[in-house]
Amino acid sequence: MVVNAPEFGLPEDRRMPTTTLEGWRRFVDEDPIVFDLLPEDEWKDLDPRARDEYDEGRVNYHSELIIVETPTVRDVLHQGRLLTLVNRREISARRGLIVSGPWATGKSTALKQLGRAHELRVRQRFPDHDRIPVVYVSAPPNGSPRKLATRFAHFLGLPMKARHNEMDIADAVCEILTEARCDLVLVDEIHNINMATTTGKDLSDHLKYFAEHIPATFVYAGINVQREGLFTGVRGKQIAARCVMKYTGNFPYQAEWRSMVELMEGSLRLHRHEPGTLVRLAKYLHTRTDGSISSLSHLVRAAAISAIADGSERVTRQLLKSIPVDHNTQSASSGTADAEDGEVGDAA
């Protein structure tokens with residue numbers, strides 16, 4: 001939101017899961033929160049109640065912050081767009097895309113941004129059509145074909161009864177999505193399908209049924225899928241032969257990392273933060289986060305909210321050091337960041 005005194009606060013509005021059609025559409029429709037700082041004199045003149053509302057608005061803004069368009073996101077957007085065009089007139093054996101990498105490296109973010117961009121394009125081209133251009137589901141853990149079919153049905157809000165078997169559900173889903181002109185299906189958590197198990201084989205066969213009966217491009221995302229058994233056996237080789245692979249990972253300390261830090265710093269809404277502080281601490285931030293964009297986002301957002309709460313209104317090295325990151329990153333970078341404290345200057 002753009003600040004317009006005296007209404008600084010944002011309504012309590014919990015987000016619905018994107019694994020439902022209503023939740024997905026709200027995700028697509030929502031624009032990022034915009035927040036402009038008040039001039040210094042107006043900020044200082046706020047009464048306690050107005051100050052609380054103003055700060056609450058800033059906390060909401062920083063809890064979301066911006067989604068940094070990393071090279072991974074840009075690449076997935078490009079490849080996904082290309083595949084939807086290549087598959088547009090294809091009847092069978094449509095090509096798919098798999099996004100694979102370690103945990104917390106932006107796979108789901110890239111998947112959702114691809115879906116959002118595609119749906120917005122379709123709405124622009126066909127503003128008067130009631131379409132469902134994108135479906136977003138996740139592969140069920142230890143799942144069965146019925147559980148997978150149920151995920152699709154749940155997204156569409158289809159009523160289900162105990163007597164309905166997986167094929168009843170699957171056929172209903174395929175019919176609706178074909179009529180609704182769905183042309184992009186996003187399947188997250190694909191590492192839950194392990195071809196080395198009977199359950200995984202059955203689940204793969206059922207997913208293949210959806211891919212053959214819904215005229216859409218399928219894009220998958222999962223943790224290190226090439227190591228988790230997805231490409232095992234005949235079924236796995238068939239998937240590998242039909243899909244393009246894109247890998248995600250932590251970022252090296254290069255210009256791209258520094259530009260992402262600069263972009264995040266430019267989005268801060270703090271009254272006493274010295275511009276350029278985080279850029280000067282880019283190496284320290286890389287060490288603290290092990291190059292993880294997810295950990296960087298958490299660290300910067302948490303520090304900004306802490307700066308609002310304690311009244312300091314600025315992010316410094318000392319404040320950043322007080323913010324814990326996830327255990328995996330903390331273990332990877334343990335001791336290294338402290339060793340570099342004397343190597344990188346901190347203007348704050």
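User: Why is arginine 123 called partly exposed?
Analyst: Its relative accessibility is 29%. Buried means under 20% relative accessible area, exposed means over 50%, and partly exposed is what lies in between (1.4 Å probe, protein chains only). Since 29% falls in that middle range, arginine 123 gets the middle label. Keep in mind that this is a predicted model, where local features need pLDDT of at least 70 and side-chain atom pairs count only at pLDDT 80 or more, while totals for chains, interfaces and linings use all residues. Also, residues are numbered from 1 along each chain as its sequence is written, and side-chain values use heavy atoms, with hydrogens and water left out.

User: What makes arginine 123 and aspartate 29 a salt bridge?
Analyst: Their closest N and O atoms are 2.3 Å apart. The rule asks for a side-chain nitrogen of Lys or Arg within 4 Å of a carboxyl oxygen of Asp or Glu, so this pair passes. Arginine 123 sits in helix α5 (residues 107–125) and aspartate 29 in helix α1 (residues 21–29), 94 residues apart. Those helix labels come from DSSP runs numbered from the N terminus: H or I of at least four residues for a helix, E of at least two for a strand. Aspartate 29, at 48% relative accessibility, is partly exposed too. And the pair isn't alone: Asp29, Glu119 and Arg123 are linked in a network of salt bridges.

User: How many salt bridges does that rule give?
Analyst: The count comes to 13.

User: How do you know that arginine 58 and glutamate 313 form a salt bridge?
Analyst: The closest N and O atoms of arginine 58 and glutamate 313 are 2.7 Å apart, which meets the salt-bridge cut-off. Arginine 58 is in helix α3 (residues 48–64) and glutamate 313 is in the loop between α13 and α14, so the pair ties together parts 255 residues apart in sequence.

User: Are arginine 58 and glutamate 313 buried or exposed?
Analyst: Arginine 58 has 0% relative accessibility, so it counts as buried. Glutamate 313, with a relative accessible area of 3%, is buried as well. One oddity: glutamate 313 has a positive phi of about 65° although it is not a glycine.

User: Which other residue has a positive phi although it is not a glycine?
Analyst: Arginine 181, with a phi of about 60°. Arginine 181 is found in the loop between α7 and β3 (184–188), and its relative accessible area of 48% makes it partly exposed.

User: What makes glutamate 256 and arginine 74 a salt bridge?
Analyst: Their side chains meet at 3.6 Å, N to O, which satisfies the rule. Glutamate 256 lies in helix α10 (residues 255–266) and arginine 74 in helix α4 (residues 71–86), so parts 182 residues apart in sequence are tied together. Glutamate 256 is partly exposed, at 30%, and so is arginine 74, at 37%.

User: How many disulfides does the structure hold?
Analyst: Zero. A disulfide is a covalent bond between the sulfur atoms of two cysteines. To be counted here, a pair of cysteine sulfur atoms must lie within 2.5 Å.

User: Are cysteine 174 and cysteine 182 buried or exposed?
Analyst: Cysteine 174 counts as buried because its relative accessibility is 6%. Cysteine 182 is buried too, at 2%.
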